[in-house]
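Please describe how the strands and helices of this protein fit together. Keep it short and suited to a first-year student.

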Amino acid sequence: MAQPNRRQQVQPLVTARVLRRVAKAMLPFYRKIAGNHSFAGQWSAAVVKADLSLMGRLLSCIPTLAGVKNYGTNGIGFFISFPFPLPVAFYTNGTTIPPGSVQFTFSTTVHRAVARAVLPFYKKLAVSLSYAEDLAAAINRNHSKTVNTMVRRFIKAQTLKSVTIEEHGLALLFKTRFSKYPYRNLLFQENM
């Protein structure tokens with residue numbers, strides 16, 4: 001029986017550096033969404049209409065995201081990707097309604113609530129190397145209970161329904177009274 005190639009078995013793992021870089025870049029965006037209704041409304045409209053030009057103009061208002069080139073929408077959410085050296089390639093952050101639930105819907109009110117909820121988590125991730133190292137280690141070891149505890153230490157919102165490890169990252173599921181659809185805030189490695 002042939003032995004599988006060892007290189008094919010090794011999966012790229014998330015690192016504290018990757019998590020911190022993404023959190024540092026996204027933190028001002030979430031602050032702007034949470035604090036500025038007009039900006040958040042324009043962002044939601046761009047997401048629903050798949051208006052990449054408007055998304056680009058809005059991102060250019062955020063100094064940490066002004067030069068980002070890898071962003072997109074599926075009409076029910078958005079994704080912003082950050083390039084890294086291989087084996088990572090791209091690590092992505094975004095907020096979306098689970099696919100298959102609805103089309104061309106993205107609530108400004110829910111997005112602002114999610115942004116307010118995740119701000120303390122992204123802030124801690126951005127400023128604390130030890131926290132980022134511990135979180136990356138827990139993700140890499142698939143320690144769901146540890147990851148859940150670490151995330152909930154900073155996301156206190158009752159609307160956070162689950163924290164799961166997915167694609168060398170996190171999926172945070174929120175359910176608010178403002179929408180019948182859940183929203184997922186995601187940090188994940190894109191498979192190339």
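## Strands, a hairpin and a helix pair

Strand E5 and strand E6 (residues 183-189) pair in the antiparallel sense over five bridges. This is a predicted model. Across that pairing, Leu 170 stands opposite Leu 187 in E6.

E5 itself spans residues 169-174 and is mostly covered. Five of its six residues are buried.

E5 also pairs with strand E4 (residues 160-166), again in the antiparallel sense, here over six bridges. Glu 166 faces Gly 169 in E5. Ser 162 has Leu 173 of E5 as its bridge partner. E4 and E5 form a hairpin, and two residues lie between them. In the turn, Glu 167 has a positive phi of about 45 degrees.

The two pairings of E5 can be set out in a table.

| Pair | Sense | Bridges | One residue pair |
|---|---|---|---|
| E4 and E5 | antiparallel | six bridges | Glu 166 opposite Gly 169 |
| E5 and E6 | antiparallel | five bridges | Leu 170 opposite Leu 187 |

**The whole sheet**

Where does E5 sit in the order of the sheet? The order is E1-E2-E3-E6-E5-E4, so to read it, find E5 between E6 and E4. The sheet is open, has six strands and shows antiparallel pairing. Its edge strands are E1 (70-73) and E4, and each of these pairs on one side only. On average, neighbouring strands of this sheet are turned by 10 degrees against each other, direction ignored.

A helix lies against this sheet. H2 packs on it and touches strand E2 (77-83), strand E3 (90-96) and E6. The direction of H2 makes about 135 degrees with that of E2.

**Two helices that cross**

Two packed helices are described by the angle between their axes and the distance between the axes. Helix H2 covers residues 16-35, and helix H6 covers residues 129-140. Their axes come within 8 Å and cross at roughly 120 degrees. H2 and H6 are therefore oblique to each other. Their crossing is right-handed.

Which residues make the contact? From H2 come Ala 16, Leu 19 and Arg 20. From H6 come Leu 129, Ala 132, Glu 133, Leu 135, Ala 136 and Ile 139. By class, the contact of H2 with H6 has seven nonpolar residues, two charged residues and no polar ones.

Definitions and conventions: Residues numbered from 1 in each chain as written. Predicted model: local features only at pLDDT ≥ 70, side-chain atom pairs only at ≥ 80, totals over all residues. Heavy atoms only, no water. Axes fitted to C-alpha atoms, helices over the stretch in contact; angles between N-to-C directions. Helix = DSSP H or I, 4+ residues; strand = E, 2+ residues; numbered from the N terminus. Parallel < 35°, antiparallel > 145°, perpendicular 65-115°, else oblique. Left-handed = near helix turned anticlockwise from the far one by under 90°. Contact = heavy atoms within 4.5 Å. Nonpolar A, V, L, I, M, F, W, Y, C, P; charged D, E, K, R; others polar. Buried < 20%, exposed > 50% of the residue type's maximum accessible area, 1.4 Å probe, protein only. Pairing = 2+ DSSP bridges.
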